[in-house]
Amino acid sequence: MENKMVNIKINGIPVTVPEGTTILQAARQAHIEIPTLCFLKDVSRVGSCRMCVVEATGARGLVAACVYPVSEGMEVRTNTEKCRQSRKMTLELILSKHKKKCLSCERNHSCELQRLSLGYSVDEDRFKGEDFVLPIDDSTPYLLRDNDKCINCMRCVNACKKQGINAIGPIGRGFNVHIGSAFDRPLAESPCVGCGQCVVDCPVGALFEKSNINEVWAALNDTSKKVVFITAPSVKATLGEAFDMPIGTNVEGKMVSAIRRFNPAAVFNMDVTADLTIMEEASELINRIKTNKPMPMFTSCCPAWIRFVEQTYPEMIPHLSSCKSPQQMFGALLKSYWCEKNGIDPASLFVVSVIPCTAKKYECAREEMKGDVDVAITTRELARMIKTAGIKFTELPDEEFDNPFSIATGAGNIFGATGGVMEAALRTAAHMLDGNFEVLDFFAVRGTNPIKEATYLVAGHTIRVAVASGLDNARTIIENIKSGEKKYDFVEIMSCPGGCVNGGGQPTLPDSVRNSVELKEARAKALYNCDSGNEYRRSADSPTIDIIYNDYLIFPNSHKAHEILHTTYKADKTI
């Protein structure tokens with residue numbers, strides 16, 4: 001049944017939209033931007049901040065455009081004096097209880113509150129609220145919470161709820177309401193898994209990653225250190241956004257060029273160890289299929305997902321692949337293989353990982369992996385370093401990664417998109433099982449649907465697969481497996497909706513962009529374009545992978561490979 005269409009006018013402009021459309025959605029069709037703070041598409045729609053108020057016929061007062069539906073013949077005015085004064089008053093009241101340390105704030109120049117305050121010419125000192133000073137929560141190794149900058153928009157709470165984690169929520173009443181963990185405990189004592197979706201969804205500087213930039217600068221200036229940068233697959237598809245380049249621009253060459261101007265010993269491509277992960281993971285999957293070991297096998301690339309299993313479903317730990325993530329594999333490989341080949345003392349090597357994720361900071365600090373990677377910095381942190389160094393990013397020439405890891409890679413490019421790990425693994429596993437299996441595109445596991453399923457027949461083996469992004473969807477997958485409702489052989493889980501391209505360490509973009517552009521799709525497209533243009537599209541075909549196994553690891557899942565590239569997990573009983 002087709003939706004009934006409704007005819008309205010917004011600022012005198014005729015607009016026809018489906019019944020049930022909100023004023024905010026209808027306004028975009030008329031190319032009119034109504035300001036918002038608490039609203040965020042697919043995350044938060046509560047109408048609490050009152051920034052989007054408009055005048056509408058039939059309403060007794062101002063209405064919140066983000067939740068108010070249109071009706072036939074409605075006339076909406078978005079910029080009347082009444083609307084503007086109401087928004088200005090709202091901003092001034094918010095600022096009465098806001099720590100106004102903009103110059104030193106992580107979100108300076110990318111803060112929604114700052115942008116709106118400038119636009120509405122607010123008096124930031126018009127109202128003086130009571131002092132309500134809360135300590136900064138720095139209990140985790142991956143993020144900081146500064147509640148004196150919080151505007152109680154609830155976006156972080158809704159993001160955490162959408163993930164099915166519910167680590168944070170409103171505490172207190174009235175003027176003293178603030179966001180925190182149960183009983184005001186530190187975040188480290190909550191079920192938080194470090195995915196960072198709360199950080200990218202926060203419109204101000206109340207949440208931000210725990211920065212390791214100073215450690216990197218210190219290492220770069222320490223003559224006793226050899227500093228090496230490794231960059232994750234999705235960073236090349238998002239870094240350009242921090243320099244106002246179009247969303248989905250592949251800036252790999254400029255990224256390498258910019259990092260090289262910090263003068264590190266080398267800049268390496270993590271696509272290589274994404275391929276190495278596939279070689280080890282595909283071999284592990286085939287071994288499990290043939291030996292009836294715990295099935296299904298779950299991917300282990302995402303540290304927030306691993307922590308979720310350890311905390312919430314420890315009984316599923318035997319189903320996790322024993323492979324380290326590409327980040328940790330590369331660190332371990334550099335401090336063994338690369339150091340041995342180049343006569344370098346591993347103790348002098350300082351490995352910096354550039355990642356789209358805040359949980360990777362936690363992963364570096366895990367006891368069983370400590371020392372593989374010294375520091376993980378987010379895409380945002382790399383952008384800040386480039387700007388601080390005075391490097392004109394958009395004017396840089398394109399340069400290539402350093403050898404021996406710059407030779408053409410296989411399917412590592414697509415790791416940054418949900419379904420990418422699965423597709424890369426299927427390409428290689430299918431070829432390992434059946435040398436004549438030439439299919440390279442597994443379209444059923446692509447796209448941003450929260451859960452995807454497919455079945456493939458390879459060399460007489462029926463392989464049932466599932467892909468989920470977002471931890472609430474991971475919970476659905478696990479519960480279906482435990483109940484016997486679903487049976488799979490291989491499952492990919494990524495914590496962040498859409499995968500690493502939508503990670504908690506990616507650039508923060510204005511609400512006007514986030515609410516109107518499909519970021520996940522645009523960013524993932526850049527990765528699939530890279531993949532389709534690759535000479536080698538299977539990890540097993542990569543010349544770099546051949547070199548690593550022939551020189552050092554012998555063969556996938558060898559004893560040496562297990563020593564360096566694999567790990568173990570255990571139940572987390574601290575929460």
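Two strands are counted as paired if DSSP finds at least two bridges between them. The model examined here is predicted, and its strands are described in these terms.

An open sheet of 5 strands shows the order E2-E1-E5-E3-E4, and its pairing is mixed. Strand E2 (13-18) and strand E4 (63-64) lie at the edges of this sheet. Each has a single partner strand, so one side of E2 and one side of E4 are left without a neighbour in the sheet. The partnership between strand E1 (residues 5-10) and E2 is antiparallel and extends over 6 bridges. Within this pair, Val6 is placed opposite Val17 of E2. Helix H2 (residues 81-95) packs on the sheet, where it touches strand E3 (53-56) and strand E5 (75-77). The direction of H2 makes about 160 degrees with that of E3.

Strand E17 (residues 490-494) was considered next. In E17, 5 of the 5 residues are buried, so the strand is largely enclosed by the rest of the structure. Burial is found on both faces of E17: Phe490, Glu492 and Met494 are buried on one side, and Val491 and Ile493 are buried on the other. Strand E16 (residues 461-469) runs parallel to E17, and the two pair over 5 bridges. Ser469 is found opposite Met494 of E17. Together with helix H14 (residues 471-483), E16 and E17 make a right-handed β-α-β unit. E17 is also joined to strand E12 (residues 297-298), in parallel, by 2 bridges. In this pairing, Phe298 stands opposite Val491 of E17.

Phe298 also has a place in the nonpolar interior. The largest nonpolar core holds 92 residues, and those that touch the most other members are Leu37, Leu113, Phe298, Trp305, Phe308 and Val465. The element that gives the most to this core is helix H13 (residues 420-433), with 7 residues. When residues up to four places away in sequence are not counted, Phe298 touches Trp305, Met316, His319, Leu320, Ser321, Ile477, Ile478, Ile481, Val491 and Ile493. Among these contacts, Val491 and Ile493 are the residues named above on one side of E17. A second core, separate from the largest one, contains 64 residues, including Ile213, Ile230, Met270 and Ala332.

Notes:
Residues are numbered from 1 along each chain as its sequence is written. This is a predicted model: local features need pLDDT of at least 70, side-chain atom pairs count only at pLDDT 80 or more; totals for chains, interfaces and linings use all residues. Side-chain values use heavy atoms; hydrogens and water are left out. A nonpolar core is a set of buried Ala, Val, Leu, Ile, Met, Phe, Trp, Tyr and Cys residues joined through side-chain atoms within 4.5 Å. Buried means under 20% relative accessible area, exposed over 50%, partly exposed in between (1.4 Å probe, protein chains only). Helices (H or I, at least four residues) and strands (E, at least two) are DSSP runs, numbered from the N terminus. Contact means heavy atoms within 4.5 Å. Axes are lines fitted to C-alpha atoms, for helices over the stretch in contact, and angles run from 0 to 180 degrees between N-to-C directions. A crossover is right-handed if, with the strands pointing away from the viewer, the path from the first strand over the helix to the second runs clockwise.
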